[in-house]
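Me: I am new to this structure. Please show me how to read its features one at a time.

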Amino acid sequence: MITKRTDNFDIDQICVSGQCFRMERTAGGTYSVIAGDRYVEVAQEEDRCTFYCGAEEFEAFWRDYFDLSNDYGAYIESIDTKDEYLRKAAEVGSGIRILRQDLWEMTASFLISQQNNITRIRKCISNICEKYGEKKEALSGSTYYAFPRPEALAELGEDDLKECNLGYRSKYVVRTARSITSGEADLDYIRSLPYPEAKAELLKLYGIGEKVADCICLFALHELDAFPVDTHISQALKRHYRRGFPKRRYNGYRGVMQQYIFYYELNGKP
DNA sequence: TATCAGGCCCTAG
DNA sequence: CTAGGGCCTGAT
């Protein structure tokens with residue numbers, strides 16, 4: 001295990017922010033995090049976090065995963081002092097980080113997320129992992145399931161994932177998995193592209209529209225300019241930004257502001 | 001019973 | 001190009 005001082009980092013806020021679906025509070029008050037085929041537990045007290053993994057693994061993977069080398073205080077300080085709504089939202093969600101998650105896992109996860117609620121999204125993903133993912137054992141001895149590779153889902157029938165409660169999204173996931181294994185879509189290539197081109201490639205996949213593509217860009221490709229607009233964000237923007245959200249002001253990190261607003265709308269209000 | 005939840009696809013006009 | 005119906009499923 002390794003303990004780090006962490007500013008503007010709140011593991012609970014990250015957990016409920018809705019960008020990751022395989023992080024949860026454990027009985028012991030720590031958080032379990034599954035990313036691809038990796039697993040770690042995190043405990044936080046104030047501004048000190050303990051990661052239950054070796055120092056090498058922390059440096060090689062989890063530091064980047066949690067975006068710990070980035071200065072979110074600077075993002076928050078840049079907010080327009082006259083924009084009380086955004087300042088409040090950022091204050092409430094100041095511990096949020098934009099994680100660097102796996103591209104395939106985010107693609108499948110946000111295909112599932114559409115017209116769906118977070119509780120059920122988590123359930124769907126957990127079902128898929130248990131049915132098609134590799135069973136693994138953590139250092140602590142607890143077992144978990146890795147997220148299945150595209151190959152494992154590509155061979156299914158289009159409706160087979162309905163058994164995992166995906167409903168009509170089943171064919172979206174299966175067809176997209178097939179596009180990837182067939183080489184029709186190349187995730188390594190997409191990863192190498194700048195934001196607009198990467199988004200355009202993602203939009204070619206069956207079941208991926210504007211909102212889902214932006215979520216994938218933000219949470220997997222770490223394109224901080226991606227600004228996913230869902231029903232909640234859309235309503236918040238109408239209420240607080242009649243003349244449109246000042247995207248220009250936050251050029252380069254608009255997606256961070258989107259997350260503060262999203263978190264505030266869903267979890268921040270009394 | 002109807003509506004909605006972190007949309008997208010497809011078809012008409 | 002824009003509007004609108006249909007789609008799985010569970011919660012309210």
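Reply: Begin with the DNA, and keep in mind that this is a predicted model. A phosphate oxygen of DNA strand C is 3.4 Å from an N or O atom in the side chain of N165.

Me: Which side chains have an N or O atom close to a base oxygen of DNA strand C?

Reply: For R169, an N or O atom of the side chain is 2.9 Å from a base oxygen of DNA strand C. For R120, a polar side-chain atom lies 3.2 Å from a base oxygen of that strand.

Me: Which residues surround DNA strand C?

Reply: They are R120, K162, N165, G167, Y168, R169 and K171. Sorted by class, this surface has four charged, two polar and one nonpolar residue. On the DNA side, sugar or phosphate accounts for 56% of the strand C atoms within 4 Å of the protein, and bases for the rest.

Me: Now the helices. Which residues of helix 2 are buried?

Reply: Buried here means under 20% relative accessible area. In helix 2, residues 55-65, the buried ones are F58, W62 and Y65. Seen down the helix axis, these fall within an arc of 80 degrees, so they line one face of helix 2. The face turned away from that buried side carries the exposed residues E56 and A60.

Me: What covers the buried residues of helix 2?

Reply: The cover includes strand 1 (2-5), strand 3 (31-35), strand 4 (38-45) and strand 5 (48-51).

Me: How many residues of helix 13 are buried?

Reply: In helix 13 (residues 254-268), 12 of the 15 residues are buried, so the helix is largely enclosed by the rest of the structure. Among them are R254, Q258, Q259 and E265, along with Y260, F262, Y263 and Y264. Their cover includes helix 1 (11-16), helix 3 (72-77), helix 4 (84-92), helix 11 (210-219) and helix 12 (231-240).

Me: Last, backbone angles. Where is N8, and what is its phi?

Reply: N8 sits in the loop between strand 1 and helix 1. Its phi is near 50 degrees, a positive value in a residue other than glycine. N8 is partly exposed, at a relative accessible area of 25%.

Me: Is H222 buried or exposed?

Reply: H222 is buried, with a relative accessible area of 14%. This residue is in the loop between helix 11 and helix 12, and its phi is near 55 degrees, again positive in a residue other than glycine.

Me: What phi does D67 take?

Reply: D67, just after helix 2, takes a positive phi of about 55 degrees.

Terms used: Residues numbered from 1 in each chain as written. Chains lettered and ligands numbered in written order. Predicted model: local features only at pLDDT ≥ 70, side-chain atom pairs only at ≥ 80, totals over all residues. Heavy atoms only, no water. Buried < 20%, exposed > 50% of the residue type's maximum accessible area, 1.4 Å probe, protein only. Helix = DSSP H or I, 4+ residues; strand = E, 2+ residues; numbered from the N terminus. Contact = heavy atoms within 4.5 Å. Arc of directions from axis to C-beta. Near = heavy atom within 4 Å. Polar contact = N/O pair within 3.5 Å; in protein donor to acceptor, adjacent residues only side chain to side chain. Nonpolar A, V, L, I, M, F, W, Y, C, P; charged D, E, K, R; others polar.
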